[in-house]
Amino acid sequence: MSTAHNHAEKGEIAKVVLMPGDPLRAKYIAETYLEDPVQFNAVRNMFGYTGTYKGKRISVMGSGMGMASIGIYSYELFKFYDVEAIIRIGSAGAYVDDLHLFDLILADSAWSESTYPYAQAGVKEAIMKPSAQLNATIKEAASTLKKELRCARIHSSDVFYHEANVPDHEDFYRDHGCVCVEMESFALFHNAHILGKHAACLLTISDSLVSNEEISAQQRERSFDEMMILGLQSASAWMEKGGQ
């Protein structure tokens with residue numbers, strides 16, 4: 001069955017999905033790393049593909065930007081397509097000076113001022129946590145691949161452009177312990193919790209609010225290969241374990 005946002009039929013999407021924000025990044029991953037990728041969705045140009053990686057069936061699909069967007073796509077994948085695990089792979093802005101461009105972050109929690117969980121299910125929480133089992137699998141994969149991985153709390157923001165009269169990155173780090181910012185994981189983790197599924201978030205630092213360094217839009221699309229490979233290895237390992 002298809003949904004309003006996804007033309008896939010049941011069975012066309014794997015049990016584990018990598019979910020970058022940018023649908024062009026999903027296309028790049030599928031064409032670069034998956035064997036025999038088959039496109040299952042192009043509604044609103046939110047591309048989704050299923051193929052194999054190291055013999056394991058894996059899907060990759062864009063989520064769009066922000067919690068409202070990933071909220072729709074992740075909910076449908078979990079609820080209507082029997083997806084068991086989603087690993088978000090995205091970009092983030094550093095809040096601290098010891099994070100540098102292309103550093104890898106694994107979210108151990110997401111703080112947000114968003115009302116997404118309350119609006120969606122009446123949940124009044126400011127911190128959402130990923131799947132401990134899925135995070136453990138990602139840590140093991142990082143060790144196997146000898147990739148340096150920092151585990152920390154992230155800020156999931158509803159707003160990209162802030163005015164000067166509201167809290168800034170220094171406040172978010174000091175008051176909530178957030179080392180970087182993105183815009184999706186709080187909603188993803190919430191959806192996983194209420195539906196009894198697994199979710200995790202891998203991030204690559206793409207800019208710094210401390211040093212004002214940043215990478216280009218093309219680099220965001222094509223130069224996050226370390227994160228992509230780690231995500232794929234983690235998804236493969238998760239399937240090897242039977243998704244437990």
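This briefing walks through a helix, a strand and some charged pairs in the structure above. The model is a predicted one. We start with helix H2, follow the chain into strand S5, and then look at the core and the salt bridges.

**Helix H2 and the turn after it**

- Helix H2 covers residues 67-80, which makes 14 residues. At 1.5 Å a residue the helix should span 20 Å, and its end C-alpha atoms are 19 Å apart, so the expected and computed values agree.
- Several residues of H2 are buried, among them Met 67, Ile 70, Tyr 73, Leu 77 and Phe 78. The buried set also includes Ser 69, Ser 74 and Glu 76.
- Just after H2 comes Asp 82, with a positive phi of about 60°.

**Strand S5 and its partners**

- Strand S5 runs over residues 85-94, and 10 of its 10 residues are buried.
- Both faces of S5 are covered. One side carries Ala 85, Ile 87, Ile 89, Ser 91 and Gly 93, while the other carries Ile 86, Arg 88, Gly 90, Ala 92 and Ala 94.
- Strand S1 (residues 16-19) runs parallel to S5 and is joined to it by four bridges. Here you can find Leu 18 opposite Ile 87.
- Strand S10 (residues 198-208) also runs parallel to S5, with 10 bridges between the two. Ala 92 has Ile 205 of S10 as its bridge partner.
- Strand S9 (residues 180-182) pairs with S5 in the antiparallel sense, over two bridges. In this pairing, Gly 93 is matched with Val 181.

**The nonpolar cores**

- The largest nonpolar core has 37 residues, and Leu 77 and Cys 180 touch the most other members. S1, H2, S5, S6, S8, H6 and S10 each supply at least two residues of this core.
- Leu 77 is a good residue to click on: beyond its neighbours within four places in sequence, its contacts include Ile 13, Val 17, Met 19, Met 61, Val 83 and Ile 86.
- A second, separate core of 32 residues includes Ala 26, Phe 47, Val 60 and Met 228.

**A buried lysine**

- Lys 197 sits in the loop between H6 and S10. Its relative accessible area is 18%, so Lys 197 counts as buried, the cut-off being under 20%.
- The side chain of Lys 197 makes a polar contact of 3.1 Å with the side chain of Glu 84. A polar atom of the Lys 197 side chain also lies 3.2 Å from the backbone oxygen of Val 83.
- Leaving out residues up to four places away in sequence, Lys 197 touches Phe 78, Asp 82, Val 83, Glu 84 and Ala 192.

**Salt bridges**

- Side chains of opposite charge can pair when their charged atoms come close. This structure holds 10 salt bridges.
- Lys 10 and Asp 82 form one of them, with their closest N and O atoms 3.6 Å apart. Lys 10 lies before S1 and Asp 82 between H2 and S5, so the pair ties together parts that are 72 residues apart in sequence. Asp 82 is partly exposed, at 30% relative accessibility.
- Arg 150 and Asp 98 form another, at 3.1 Å between the closest N and O atoms. This pair links strand S8 with the loop between S5 and S6, 52 residues apart. Arg 150 is partly exposed at 27%, and Asp 98 is partly exposed at 42%.
- Arg 174 and Asp 175 also form a salt bridge, with their closest N and O atoms 3.1 Å apart. Arg 174 is exposed at 55%, whereas Asp 175 is partly exposed at 48%.
- Arg 88, Glu 182 and Glu 184 are joined in a network of salt bridges.

Note on methods. Residues numbered from 1 in each chain as written. Predicted model: local features only at pLDDT ≥ 70, side-chain atom pairs only at ≥ 80, totals over all residues. Heavy atoms only, no water. Expected span 1.5 Å × (residues − 1). Buried < 20%, exposed > 50% of the residue type's maximum accessible area, 1.4 Å probe, protein only. Pairing = 2+ DSSP bridges. Core = buried A, V, L, I, M, F, W, Y, C linked by side-chain atoms within 4.5 Å. Contact = heavy atoms within 4.5 Å. Polar contact = N/O pair within 3.5 Å; in protein donor to acceptor, adjacent residues only side chain to side chain. Salt bridge = Lys/Arg side-chain N within 4 Å of Asp/Glu carboxyl O.
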